[in-house]
Amino acid sequence: MSDTYLAVFVGSKTSAKMAAWNALSEAERKAKEKAGIAAWKAWVEKHQAALAAMGGPLGKTKRVGPDGIADVSNEMGAFTVVRAESQEAAARMFENHPHFAIFPGEAVEVMPVLQIPGG
């Protein structure tokens with residue numbers, strides 16, 4: 001049996017990694033982008049059978065609470081949904097992922113998608 005896991009790609013626009021990325025010359029950045037995209041496509045091909053939803057980049061965030069709606073910023077940049085035998089197995093899929101191995105992302109957070117009781 002395999003369970004479903006949400007993987008959230010996180011990174012800060014003000015991190016040292018992002019500052020170093022932004023300090024690259026245009027040629028260096030384009031070369032890294034090309035390598036990163038190729039590596040990401042290879043990751044997708046390798047894990048195709050486990051991808052429940054490809055997901056994608058996340059846009060600007062609106063926070064809704066008792067005080068109304070507000071524009072906020074967080075570190076979530078993208079998401080994907082995978083199926084795996086365990087949370088550990090799902091997390092292992094993202095070891096050395098291009099999000100942080102090539103691009104200036106910081107991590108991928110993997111959490112189970114829980115079933116609603118009686119649902």
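**Strand β1 and two loop residues**

Okay, let's start with the pairing: strand β1 and strand β6 run antiparallel, with 6 bridges joining them. Before I go on, keep in mind that this is a predicted model.

Within that β1 and β6 pairing, Val8 sits opposite Glu109 of β6. Now, β1 has another partner too. It's β5, residues 76-84, again running antiparallel, and here there are 8 bridges. If you want one pair to look for, find Asp3, whose bridge partner in β5 is Ala84.

So how buried is β1, residues 3-10? Well, 6 of its 8 residues are buried, so the strand is largely enclosed by the rest of the structure.

Next up, the loops. Go to Phe103, in the loop between α4 and β6, the latter being residues 107-112. Is Phe103 buried or exposed? Its relative accessible area is 17%, and buried means under 20%, so Phe103 counts as buried. What does Phe103 touch, leaving aside residues up to four places away in sequence? That would be Lys17, Trp21, Glu33, Gly36, Ile37, Trp40 and Pro98. Val72, on the other hand, is 31 residues from Phe103 along the chain, and their C-alpha atoms are 23 Å apart.

Last stop, Asn96. You'll find Asn96 in the loop between α3, residues 87-92, and α4, residues 98-101. With a relative accessible area of 66%, Asn96 is exposed. And take a look at the backbone there: phi of Asn96 is near 60°, which is positive, and this isn't a glycine. Most residues other than glycine have a negative phi.

Conventions: Residues are numbered from 1 along each chain as its sequence is written. This is a predicted model: local features need pLDDT of at least 70, side-chain atom pairs count only at pLDDT 80 or more; totals for chains, interfaces and linings use all residues. Side-chain values use heavy atoms; hydrogens and water are left out. Helices (H or I, at least four residues) and strands (E, at least two) are DSSP runs, numbered from the N terminus. Buried means under 20% relative accessible area, exposed over 50%, partly exposed in between (1.4 Å probe, protein chains only). Contact means heavy atoms within 4.5 Å. Two strands pair if DSSP finds at least two bridges between them.
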